[in-house]
Each structure stands twice: as C-alpha cells, then as structure tokens.
Amino acid sequence: MSEDGTLKIDGQTIAKLARGVRLREDATRGQTILLAPERALALDEIAVAIVSALDGVRTLDDIAAGFALQFEAPKEEVLNDVIAFIRDFASRRMLELSR
C-alpha cells in the first residue's frame, strides 16, 4: 500500500473487473462496451485486449509478458502501458485490485 492507503499498482498487481462491471458487444454500434452501474465506456481494440486479460489470477507482469510476445514489443514498455491503463480504470472504480 502507498502512503495514502491505496494499493500500489505495479507488475505484481492482480486486477479483475469490479462487481457489476461487464464487457459487452454493442451490435448496433459495432463496438465493445464496458458496462457499469449507471455508466458505459466504449473501448478500442487495445482496451478490449487488456480488459479481456484481467482474470483476477494473473499479475500485470504476466499479462504484459503475453502481450509483448504477441505483439513483438519490449515487455517493459508494454507493462508501463498496461499499468497506465489499470490506474485510469481503477480510478473510475471499474476494477478490483489485489496482490
């Protein structure tokens, strides 16, 4: 935990969708939507890939390693991007984080 009592987000963080948050296809718009109580967010392909990988078991480090292999990109760069995404969506209360 950090000084302000929030969980430090790093490669050892484990994330999953928060209770009541679901990933759904919007056939009308041809988009994937992240639905939460009283709100919805349209996601791009990268966001869909990240959210789909959040199983509540694997660490962000494990997820980033898989993406690095899949996209032939440096793992540390991928991990930094995944962590930035997780911080943003966790601040919106869309994710549950643990260690």
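This report covers the salt bridges, the largest pocket and the aromatic contacts of one structure.

The model is predicted.

**Salt bridges**

Side chains of opposite charge can pair when their charged atoms come close. In this model the count of salt bridges comes to seven. Three of them are set out below.

| Salt bridge | Closest N to O |
|---|---|
| Lysine 8 and aspartate 10 | 3.9 Å |
| Aspartate 55 and arginine 58 | 3.1 Å |
| Lysine 75 and aspartate 61 | 2.4 Å |

Take lysine 75 and aspartate 61. Their salt bridge has an N to O distance of 2.4 Å. The pair links distant parts of the chain. Lysine 75 belongs to helix H3, residues 75-91. Aspartate 61 belongs to helix H2, residues 60-71. The two partners are 14 residues apart. Lysine 75 has a relative accessible area of 29%, so it counts as partly exposed. Aspartate 61 is partly exposed too, at 21%.

Some salt bridges share partners. Lys8, Asp10 and Arg99 are joined in this way into one network. Is aspartate 10 buried or exposed? Aspartate 10 is buried, because its relative accessible area is 18% and the cut-off for buried is under 20%. The salt bridge from aspartate 10 to lysine 8 has its closest N and O atoms 3.9 Å apart.

Aspartate 55 and arginine 58 also meet through their side chains, at 3.1 Å from N to O. Aspartate 55 is partly exposed, with a relative accessible area of 39%. Arginine 58 is partly exposed as well, at 34%.

**The largest pocket**

The largest pocket has a volume of about 290 Å³. It is lined by 13 residues. Which of them are closest to its centre? They are Ile46, Ile50, Phe71, Val78 and Asp81.

Three helices contribute to this lining. Helix H1 (45-53), H2 and H3 each supply at least two residues. Helix H3 gives the most, with five residues. By class, the lining has ten nonpolar residues and three charged ones. No polar residue takes part.

**Aromatic pairs**

How many aromatic pairs are there? The count comes to two.

Phenylalanine 67 and phenylalanine 71 form a tilted pair. Their ring centres are 6.1 Å apart, and the planes meet at 45°. Both residues lie in helix H2. They are four residues apart, about one turn of the helix. Phenylalanine 67 is buried, with a relative accessible area of 11%. Phenylalanine 71 is exposed, at 52%. Phe71 is also one of the residues closest to the centre of the largest pocket.

The other pair is phenylalanine 85 and phenylalanine 89. Why does this pair count as stacked? The planes of the two rings lie at 20°, and planes under 30 degrees apart count as stacked. The ring centres are 4.2 Å apart. Both residues lie in helix H3, four residues apart, which is about one turn of the helix. Phenylalanine 85 is buried at 12% relative accessibility. Phenylalanine 89 is buried at 7%.

Phenylalanine 89 has a further contact. The charged end of arginine 92 sits over the ring of phenylalanine 89. This charged end is 5.3 Å from the ring centre.

**Helix H3 in review**

Helix H3 appears in each part of this report. Lysine 75 of H3 forms a salt bridge with aspartate 61 of H2. Helix H3 also supplies five residues to the lining of the largest pocket. Phenylalanine 85 and phenylalanine 89 lie in H3 as well.

Methods. Residues are numbered from 1 along each chain as its sequence is written. This is a predicted model: local features need pLDDT of at least 70, side-chain atom pairs count only at pLDDT 80 or more; totals for chains, interfaces and linings use all residues. Side-chain values use heavy atoms; hydrogens and water are left out. A salt bridge is a side-chain nitrogen of Lys or Arg within 4 Å of a carboxyl oxygen of Asp or Glu. Buried means under 20% relative accessible area, exposed over 50%, partly exposed in between (1.4 Å probe, protein chains only). On a 1 Å grid over the protein atoms alone, a cavity is a set of points where a 1.4 Å probe fits but cannot get out, and a pocket is an open set with protein on both sides within 12 Å along at least five of seven lines; lining residues have an atom within 4 Å of a point. Grid points are joined across faces, edges and corners, and a volume is the space filled by probe spheres set on the points. Ala, Val, Leu, Ile, Met, Phe, Trp, Tyr, Cys and Pro count as nonpolar, Asp, Glu, Lys and Arg as charged, and the others, Gly among them, as polar. Rings of Phe, Tyr and Trp (its six-membered ring) pair if their centres lie within 6.5 Å; planes under 30 degrees apart count as stacked, over 60 as edge-to-face and the rest as tilted. A charge sits over a ring if NZ of Lys or CZ of Arg is within 6 Å of the ring centre and within 35 degrees of the ring normal.
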